[in-house]
Amino acid sequence: SMAPSRCRTLLLGLCAVFCTVASPTKPRSVPHRYGSSMMARRNRLSVKLGLRTSVANRGRCDSQVDASIGEQEPSGGVKSRRDTLRETAKGLVISGLLSSAVAAPERVLADEEQVIDSAPSAPFSKKVYFDVSVNEQEIGRIVIGVYNDGSQGQERFMQLAEGAGAGLDYRRSLFTFVSPDKSFIKNGGVGSITGYGSKEIALAGGKGPRELTKEVESQKRSHDKPGIVSLVIRSPEPPPAPEKKLVAASGRLVTVEEMPKGYVEPNGSEFIMTTQPVPYLDKTNLVVGEVLEGMDVISKISNLPTSKPKGKDDPFFKIGKSIGDSRAVFMATRFGRPFARVQITDSGVFS
């Protein structure tokens with residue numbers, strides 16, 4: 001938009017100067033000197049067009065003409081010295097205008113290239129989509145932009161969305177939890193982070209969430225708005241005490257420790273999507289992206305009826321959970337679970 005405007009201004013100036021230079025001048029009987037009013041007009045024109053140098057050159061030529069006003073060539077079609085000098089001055093002015101008009105678009109293109117080179121990188125590397133159903137009835141699609149931070153957690157999230165192998169796929173996974181204040185919903189992820197079958201599949205970030213813990217501790221992003229998507233790396237609550245059992249090994253009884261039945265340690269595949277800021281999740285979850293489309297789908301899931309056991313505030317339940325009683329641990333896993341079957345029917349990754 002700058003180049004055409006400047007070219008129009010230069011061309012208008014070219015016409016004005018051409019008319020001034022080419023206009024016939026009445027012969028004078030005395031050496032001609034520019035009057036103050038004409039000098040003022042020409043100075044204003046030269047300042048406006050940026051042609052002060054060219055006008056000055058023309059002024060010097062006119063001074064030479066004035067000095068030799070009486071020395072005209074004989075008539076008969078031969079050019080006078082004044083005409084020759086005026087043509088020379090006119091050529092200098094036209095050359096200056098044309099060179100400025102040609103240089104202007106080049107400067108504009110150079111400026112545009114500089115702006116393009118200095119443009120910031122895109123905030124998202126790729127996009128992930130989830131098609132969601134409730135009791136086998138499709139309710140819509142969620143589109144998530146994965147941040148372009150280059151973290152292992154972001155790469156793992158895209159691998160599972162696209163499908164990394166048998167059992168390593170978000171397709172057919174369930175949403176298993178809605179927070180009591182409806183601030184976020186959680187997907188249960190996959191059962192085994194190494195997949196099923198004879199061939200072990202390596203995901204970004206390693207076999208478990210431990211290698212992603214450093215990324216959680218050093219992350220600069222936060223659960224500071226609705227639509228944030230993050231992987232669950234650590235449980236928000238301390239794990240229950242392991243249970244001790246006697247088992248037979250190599251012909252003798254040995255004591256082993258096992259986690260209470262029903263307790264499942266996060267494996268780095270579960271993920272949550274927020275409906276409002278949830279800053280306390282910054283210590284346990286690794287932020288990988290944000291929702292671009294489908295917040296209405298998330299709202300539908302968060303408003304589904306969920307299980308709210310009456311014994312949640314029972315003192316015996318609290319004691320049982322604190323000592324790792326398997327019944328209390330299993331009951332805790334049912335809190336906030338939707339009664340309906342909320343499932344991802346299809347998922348994938350696109351640019």
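How much area does the protein chain expose, and what share of it do carbon and sulfur atoms supply? The chain exposes about 21,000 Å², with 55% of that supplied by carbon and sulfur atoms; accessible areas here come from the Shrake-Rupley method with a 1.4 Å probe, and for residues only the protein chains shown count as cover. Before going further, please keep in mind that this is a predicted model, in which local features need pLDDT of at least 70 and side-chain atom pairs count only at pLDDT 80 or more, while totals for chains, interfaces and linings use all residues. Residues are numbered from 1 along each chain as its sequence is written, and side-chain values use heavy atoms, with hydrogens and water left out.

Let us start with the overall picture. The secondary structure comes to nine helices and ten strands, where helices (H or I, at least four residues) and strands (E, at least two) are DSSP runs numbered from the N terminus. Of the 351 residues in the chain, 37% count as buried. Buried means under 20% relative accessible area, exposed means over 50%, and partly exposed lies in between (1.4 Å probe, protein chains only). Among contacts between residues at least 6 apart in sequence, 73% join residues at least 24 apart; a contact means heavy atoms within 4.5 Å.

Now for the interior. A nonpolar core is a set of buried Ala, Val, Leu, Ile, Met, Phe, Trp, Tyr and Cys residues joined through side-chain atoms within 4.5 Å. The largest such core has 36 residues, and those with the most contacts inside it are F130, I144, F157, Y170, F175, F271 and M273. Take F271 as a place to look around: leaving out residues up to four places away in sequence, F271 touches F130, F157, Y170, F175, I185, K186, N187, V229, S230, L231, V232 and I344. A second, separate core has five residues, including F184, V232, I272 and V278.

Several of these residues lead us to the strands. β4 runs antiparallel to β8, and four bridges join the two; within this pairing, I185 stands opposite M273 in β8. β4 also pairs with β3, in the antiparallel sense and over three bridges, with two strands said to pair if DSSP finds at least two bridges between them. Here V178 has I185 in β4 as its bridge partner. The hairpin of β3 and β4 has five residues between the strands, and K182 takes a positive phi near 60° there. K182 is not a glycine, and at 34% relative accessibility it counts as partly exposed.

A similar backbone feature awaits at E136, in the loop between β1 and β2. E136 has a positive phi of about 65° although it is not a glycine, and the residue is exposed, with a relative accessible area of 71%. For context, most residues other than glycine have a negative phi.

What about charged side chains? Side chains of opposite charge can pair when their charged atoms come close. Counting a salt bridge as a side-chain nitrogen of Lys or Arg within 4 Å of a carboxyl oxygen of Asp or Glu, the total is seven salt bridges. One of them joins R141 and D131, at 2.7 Å from N to O. Because R141 lies in strand β2 (residues 137–147) and D131 in strand β1 (residues 124–134), this pair ties together parts that are ten residues apart in sequence. R141 is partly exposed at 41% relative accessible area, whereas D131 counts as buried at 15%.

Another salt bridge brings us back to β4: the side chains of K186 and E270 meet at 3.7 Å, N to O. K186 lies in strand β4 (residues 184–187) and E270 in the loop between β7 (252–258) and β8 (271–274), so the pair ties together parts that are 84 residues apart in sequence. K186 is partly exposed at 21% relative accessibility, while E270 is buried at 16%.

R234 and E217 form a further salt bridge, their closest N and O atoms being 3.7 Å apart. R234 sits in the loop between β5 (228–232) and β6 (243–249) and E217 in helix α6 (residues 213–218), so parts 17 residues apart in sequence are tied together. R234 is partly exposed at 31%, and E217 is exposed at 57%. Elsewhere, salt bridges that share partners join D169, R171 and D346 into one network.
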